[in-house]
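Reader: I am new to this structure and would like a close look at a single part of it. Please take one helix contact and the aromatic rings around it, and explain how they are arranged.

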Amino acid sequence: MRTRSPRNLPDDELIRVARDGDNPAFTELVRRYEDTVYRFSYKICRDPAKAAETLQDTFVNVFRKLRTFDGKSKFSTWLYTIVTNNCLMKRRKRKGELLEESLEAYDHPQHQQTIGHRSQPLSMHETPADLVIGKELREVLDRAITRLPEDYRVVFVMRDIEGQSNGETARALGLSVEATKSRLRRARAFLREQLDPYVHTPARIA
Amino acid sequence: MMKCDEVYLHICDSLDEDLGSPQCRAIKKHIERCPECRTYLSSLKTTIALYCAVPVPRLPAQAHKDLFTTISALTASAAQACRQPRKSQKKNPTRDRT
């Protein structure tokens with residue numbers, strides 16, 4: 001019987017074969033997921049060199065721990081857990097990064113009071129789907145998310161950018177669903193406030 | 001009728017998975033009548049959309065190369081370890097007794 005090349009195996013079978021110690025299958029697994037891991041790391045670390053380092057560390061960990069992957073969660077969720085742990089281990093407090101406690105203020109609606117009472121917001125004519133991010137706005141976005149403590153940034157990235165569910169995010173980070181929701185609410189409120197001049201659009205009357 | 005304070009605290013749920021829950025329905029009802037909360041929700045959605053639209057760099061060629069150098073070394077040493085257990089048993093016969 002001819003053995004199928006790892007390249008032709010669907011993901012679940014490839015993972016099973018790699019888990020059984022097949023090195024060509026593991027190499028193919030790395031090839032399939034390297035871009036995903038790098039991009040996810042970058043979104044959390046916000047630094048190309050750290051993202052590349054995290055990429056290496058992640059796949060070394062995957063190689064060592066793949067036998068423990070039981071297939072109960074999605075492989076991507078398992079990967080996100082490893083990437084996140086590697087990113088969080090490397091973190092050092094950045095200049096300007098907020099203390100976690102200061103995010104608690106975003107549980108209170110006084111942050112909402114500014115809405116609707118701004119003088120003249122910069123207008124955004126595009127619909128979100130048509131957004132083209134200019135250099136200035138990109139810098140604002142980058143500055144704002146870099147100020148978020150990484151524990152909060154990870155939740156925002158997993159939920160809102162990667163599209164993971166609350167349950168998957170909670171499992172990957174070892175949090176309760178309630179704690180995940182709370183961090184997400186604060187992270188969104190903080191980022192929205194930082195971007196207020198760019199995201200404030202007049203209310204549409206339905 | 002829900003108040004703005006409560007809506008503020010739970011408005012994120014109306015962007016998430018529990019859209020059909022009684023709480024989300026109450027939030028929706030409130031938002032339909034409250035221009036301020038409607039603006040707030042819209043600005044939250046735009047914030048998320050902006051972050052989704054930011055381009056993320058693709059994997060640099062050097063990082064790919066470095067990764068595969070590491071992986072080749074790992075898989076080669078694992079393959080070598082698989083071929084060597086008899087040798088190590090001879091050197092250290094007490095090793096597997098525990």
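Author: What follows describes one helix pair, then the ring pairs, in a predicted model.

Some background on the chain comes before the detail. Chain A has nine helices and zero strands, and along the sequence its pattern reads α-α-α-α-α-α-α-α-α. Of its 206 residues, 49% count as buried. Among contacts in chain A between residues at least 6 apart in sequence, 67% join residues at least 24 apart.

The part to look at is the contact of helix α1 of chain A, residues 11-19, with helix α2 of chain A, residues 23-45. Their axes are 8 Å apart and the helices pack at an angle of about 135 degrees. Angles from 115 to 145 degrees fall outside the ranges for parallel, antiparallel and perpendicular, and α1(A) and α2(A) are therefore oblique to each other. The crossing of α1(A) and α2(A) is left-handed.

On the side of α1(A), the residues in the contact are A:D11, A:L14, A:I15, A:V17 and A:A18. They meet A:A25, A:F26, A:E28, A:L29, A:R32 and A:Y33 in α2(A). By type, the residues of this contact divide into eight nonpolar, no polar and three charged.

Two residues of α2(A) in this contact, A:F26 and A:Y33, lead on to the aromatic rings. Over all chains, the count comes to seven aromatic pairs. In one of them, the ring centres of A:F26 and A:F63 are 5.0 Å apart and the planes stand at 70 degrees; planes over 60 degrees apart count as edge-to-face, so this pair is edge-to-face. A:F26 lies in helix α2 of chain A and A:F63 in helix α3 of chain A, residues 48-65, so the pair ties together parts that are 37 residues apart in sequence. A:F26 counts as buried, because its relative accessibility is 2% and the limit for buried is under 20%. A:F63, with a relative accessible area of 22%, is partly exposed.

Another pair involves a second chain. The rings of A:F156 and B:Y51 have centres 5.4 Å apart and planes at 85 degrees, so this pair is edge-to-face. A:F156 belongs to helix α6 of chain A, residues 150-161, and B:Y51 to helix α3 of chain B, residues 35-53, so the pair joins two chains. A:F156 counts as buried at 0% relative accessibility, and B:Y51 is buried at 4%.

As for A:Y33, ring pairs link this residue with A:F69, A:F75 and A:W78 into a cluster.

Technical notes: Residues numbered from 1 in each chain as written. Chains lettered and ligands numbered in written order. Predicted model: local features only at pLDDT ≥ 70, side-chain atom pairs only at ≥ 80, totals over all residues. Heavy atoms only, no water. Axes fitted to C-alpha atoms, helices over the stretch in contact; angles between N-to-C directions. Helix = DSSP H or I, 4+ residues; strand = E, 2+ residues; numbered from the N terminus. Parallel < 35°, antiparallel > 145°, perpendicular 65-115°, else oblique. Left-handed = near helix turned anticlockwise from the far one by under 90°. Contact = heavy atoms within 4.5 Å. Nonpolar A, V, L, I, M, F, W, Y, C, P; charged D, E, K, R; others polar. Phe/Tyr/Trp six-rings, centres within 6.5 Å; stacked < 30°, edge-to-face > 60°. Buried < 20%, exposed > 50% of the residue type's maximum accessible area, 1.4 Å probe, protein only.
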